[in-house]
Amino acid sequence: TLQWTDAAAFDEVPQDDVIGLAVGGRDIALYGVDGSVYATDNLCTHGHARLCDGFLDGHEIECPLHQGKFDVRSGAPTCQPVTEAVRTYPVRIDGGRVYLALG
Ligand code: FES
């Protein structure tokens, strides 16, 4: 079974945008897309850049450093130069709070 960690208020997650925050000692990026929330590691898998400083377009986050892209739903790379997926986390929304399964 999944262990859920309280990450943020649902209202804190901007729609069509991304925020970075520390959850359970990890640097996490939260994305608001179409009323849903997605979570990934905040650090890009290509270099030392935080995805929360990037640009969210639909379900795609563009890294601010070399403009690599990931699909925030799967973490899959969608544009060079990133080739390695970014880790994603299951999200649950309950009582106006956003919970993550950090595993
Ligand atoms: Fe993200 Fe290079 S550090 S694309």
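Here are some questions and answers about the predicted model shown above.

Residues are numbered from 1 along each chain as its sequence is written. Because this is a predicted model, local features need pLDDT of at least 70 and side-chain atom pairs count only at pLDDT 80 or more, while totals for chains, interfaces and linings use all residues.

Q: How many helices and how many strands are in the protein chain?
A: Both kinds of element are DSSP runs numbered from the N terminus: helices are H or I with at least four residues, and strands are E with at least two. From the N terminus on, every element listed for the protein chain is a β. So the count, under that definition, is zero helices and 11 strands.

Q: What radius of gyration does the protein chain have, and what would a compact globule have?
A: This radius is taken over C-alpha atoms, and the globule rule is 2.2 Å times the number of residues to the power 0.38. With 103 residues, that puts a compact globule near 13 Å, and the protein chain agrees, at 13 Å.

Q: Is Val-23 buried, exposed or partly exposed?
A: You'll find Val-23 in strand S2, residues 17-23. A residue is buried if 20 or more other C-beta atoms (placed from the backbone) lie within 10 Å of its own, exposed if 12 or fewer, and partly exposed in between. Val-23 has 19 C-beta neighbours inside 10 Å, so it counts as partly exposed.

Q: Which strand supplies the largest share of the largest nonpolar core?
A: A nonpolar core is a set of buried Ala, Val, Leu, Ile, Met, Phe, Trp, Tyr and Cys residues joined through C-beta atoms within 7 Å. The largest one here has 26 residues, and Val-18, Ala-29, Leu-30, Tyr-31 and Ala-39 touch the most other members. Strands S3 (26-33), S4 (36-41) and S11 (97-101) each supply at least two residues. The largest share, five residues, comes from S3.

Q: Which residues does Val-18 touch, leaving out those up to four places away in sequence?
A: Touching means being in contact, with C-beta atoms, placed from the backbone, within 7 Å. Val-18's list is Ala-29, Leu-30, Tyr-31, Leu-51, Cys-52, Gly-54, Leu-56 and Ile-61.

Q: Which are the edge strands of the open sheet of four strands?
A: Two strands pair if DSSP finds at least two bridges between them. The sheet has the order S2-S3-S4-S9, with antiparallel pairing, and inside it six bridges join S3 to S4. Two strands pair on one side only, and these edge strands are S2 and S9 (88-89).

Methods: Two residues are in contact if their C-beta atoms, placed from the backbone, lie within 7 Å.
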